[in-house]
Amino acid sequence: MKINTITTILVLTLVLTNCKTPNKETDSEQSTEQQIKKDNKMELTNKEKVVALLNSFNTGDKTPISYINPEKYIQHNLAVGDGLAGFGEVMKAAPPQGFKANVVRAFQDGDYVFTHTEYDFFGPKAGFDVFKFEDGKIVEHWDNLSEVTPPNPSGRTQFDGTTEITDSGKTEANKNIVKQFAEEVLMNGKMDNLTTLINPTKYIQHNSAVADGLDGLGAALKYFAENGLVMEYDKVHKVLGEGNFVLTISEGKFGKGDHVAYYDLFRLENGQIVEHWDVIQPIPEKSEWKNDNGKF
């Protein structure tokens with residue numbers, strides 16, 4: 001039953017009651033009317049607003065556009081112009097079937113919401129998006145996109161795996177663990193505490209080219225070294241989390257030395273990393289940028 005229908009029934013009930021007692025209005029009747037008004041104006045959480053915005057690619061609903069601040073929308077996707085005008089240009093360029101978005105995971109950390117999404121966006125894409133809110137409106141957006149690839153050597157995809165958010169009271173502790181891993185291991189190659197930060201018997205890997213476990217990670221690093229390839233993390237720009245999930249946004253070099261953005265999502269259990277998803281995207285030359293806000 002739709003909300004409007006429920007509201008109509010409640011209002012008719014009030015009218016009929018008043019007809020029976022024409023000069024009497026009870027406190028309970030006033031309370032009901034106030035509750036109806038409150039329910040109709042119920043505010044979505046920032047996370048719900050982002051999910052609705054991404055789902056509007058599928059539904060065509062224009063309402064979620066109102067969740068973006070029209071006077072301040074800072075865009076960090078370097079292929080998109082700044083502000084709502086840039087967003088609109090992308091939508092105009094959509095293919096006849098439009099864009100599609102399947103939000104697999106969504107998280108909220110203070111004023112930030114970050115999502116892990118399976119897109120049909122000029123072809124199948126894996127993506128992470130980060131939105132910043134001010135006064136209930138989206139004012140800034142970052143993302144990282146890559147092509148969808150076949151399952152990795154362990155048969156895992158870029159999207160499957162655990163989705164349940166737990167350990168809400170451990171968010172900050174888990175963020176600190178992941179930050180330590182990113183700065184000490186990924187940036188500085190310090191391996192002596194690797195098996196403290198990553199569970200040595202349970203490390204589920206969703207990177208397209210890497211198998212599960214520390215053995216899979218070691219084999220990938222060995223392949224890179226033997227073939228003159230690099231995977232360098234130079235700077236960690238953001239660490240965001242909710243409960244048992246933590247996202248890092250980093251800058252570095254990959255492959256033959258391409259300047260890239262790394263978005264790494266980690267899941268933790270009992271103070272150790274047990275699962276990992278990522279998207280690595282090359283950063284274009286500045287001459288190709290459609291806004292001046294930078295990738296990070």
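## The second largest pocket

In this predicted model, the second largest pocket holds about 350 Å³ of space. Its lining is made up of 19 residues, and those closest to its centre are N77, L78, A79, V80 and F121. Two or more lining residues come from each of α4, β5 and β10. Helix α4 provides the largest share of this lining, with three residues.

By class, the lining of the second largest pocket comprises nine nonpolar, four polar and six charged residues.

## The largest pocket

The largest pocket encloses about 790 Å³ of space. It is lined by 35 residues, of which N207, V210, M231, F254 and D278 are the closest to its centre. The elements contributing two or more residues to this lining are the helices α5 (171-187) and α7 (213-226), together with β7, β9 and β10. Among the contributors, α7 gives the most, with seven residues.

The lining of the largest pocket contains 22 nonpolar residues, ten polar residues and three charged residues. Strand β10 gives two or more residues to the lining of the largest pocket, and it does likewise for the second largest pocket.

## The enclosed cavity

How many cavities of 30 Å³ or more does a search of the whole structure find? The search finds one, and the volume of this largest cavity is about 270 Å³. Its lining consists of 17 residues, with F57, F87, D129, H141 and D143 lying nearest the centre. Two or more of the lining residues come from each of α3 (46-59), α4 (83-92), β4 (124-134) and β5 (137-147).

Twelve residues of the cavity lining are nonpolar, three are polar and two are charged. Elements α4 and β5 each give two or more residues to the lining of this cavity, and both also give two or more to the lining of the second largest pocket.

## The five-stranded sheet

Strands of a sheet pair through backbone hydrogen bonds, in either a parallel or an antiparallel sense. The model contains an open sheet of five strands in the order β6-β10-β9-β8-β7, and the pairing within it is mixed. At its edges stand β6 (204-205) and β7 (230-242), each of which pairs on one side only.

Two strands of this sheet are mostly covered. In β8, nine of the eleven residues are buried; in β9 (residues 258-269), nine of the twelve are buried.

## From β7 to β10: three hairpins

Strands β7 and β8 are antiparallel and are paired over eleven bridges. Across this pairing, Y233 stands opposite G252 of β8, while K235 has E251 of β8 as its bridge partner. The two strands form a hairpin with two residues between them, where G243 adopts a positive phi near 60°.

Strand β8 (residues 245-255) is in turn joined to β9 by ten bridges, and the two run antiparallel. L247 faces L265 of β9, and F254 has D258 of β9 as its bridge partner. F254 is also one of the residues closest to the centre of the largest pocket. The hairpin of β8 and β9 again has two residues between its strands, with G257 taking a positive phi near 105°.

The third hairpin is formed by β9 and β10, with two residues between them, and N270 in its turn has a positive phi of about 50°. Here the antiparallel pairing of β9 with β10 (residues 272-282) extends over ten bridges, and E269 stands opposite Q272 of β10.

## The chain as a whole

The protein chain has seven helices and ten strands. Of its 296 residues, 42% count as buried. The accessible surface of the chain amounts to about 15800 Å², and carbon and sulfur atoms account for 52% of that area.

What share of the contacts between residues at least 6 apart in sequence joins residues at least 24 apart? In this chain the share is 56%.

How values were computed
Residues are numbered from 1 along each chain as its sequence is written. This is a predicted model: local features need pLDDT of at least 70, side-chain atom pairs count only at pLDDT 80 or more; totals for chains, interfaces and linings use all residues. Side-chain values use heavy atoms; hydrogens and water are left out. On a 1 Å grid over the protein atoms alone, a cavity is a set of points where a 1.4 Å probe fits but cannot get out, and a pocket is an open set with protein on both sides within 12 Å along at least five of seven lines; lining residues have an atom within 4 Å of a point. Grid points are joined across faces, edges and corners, and a volume is the space filled by probe spheres set on the points. Helices (H or I, at least four residues) and strands (E, at least two) are DSSP runs, numbered from the N terminus. Ala, Val, Leu, Ile, Met, Phe, Trp, Tyr, Cys and Pro count as nonpolar, Asp, Glu, Lys and Arg as charged, and the others, Gly among them, as polar. Buried means under 20% relative accessible area, exposed over 50%, partly exposed in between (1.4 Å probe, protein chains only). Two strands pair if DSSP finds at least two bridges between them. Contact means heavy atoms within 4.5 Å. Accessible areas come from the Shrake-Rupley method with a 1.4 Å probe; for residues, only the protein chains shown count as cover.
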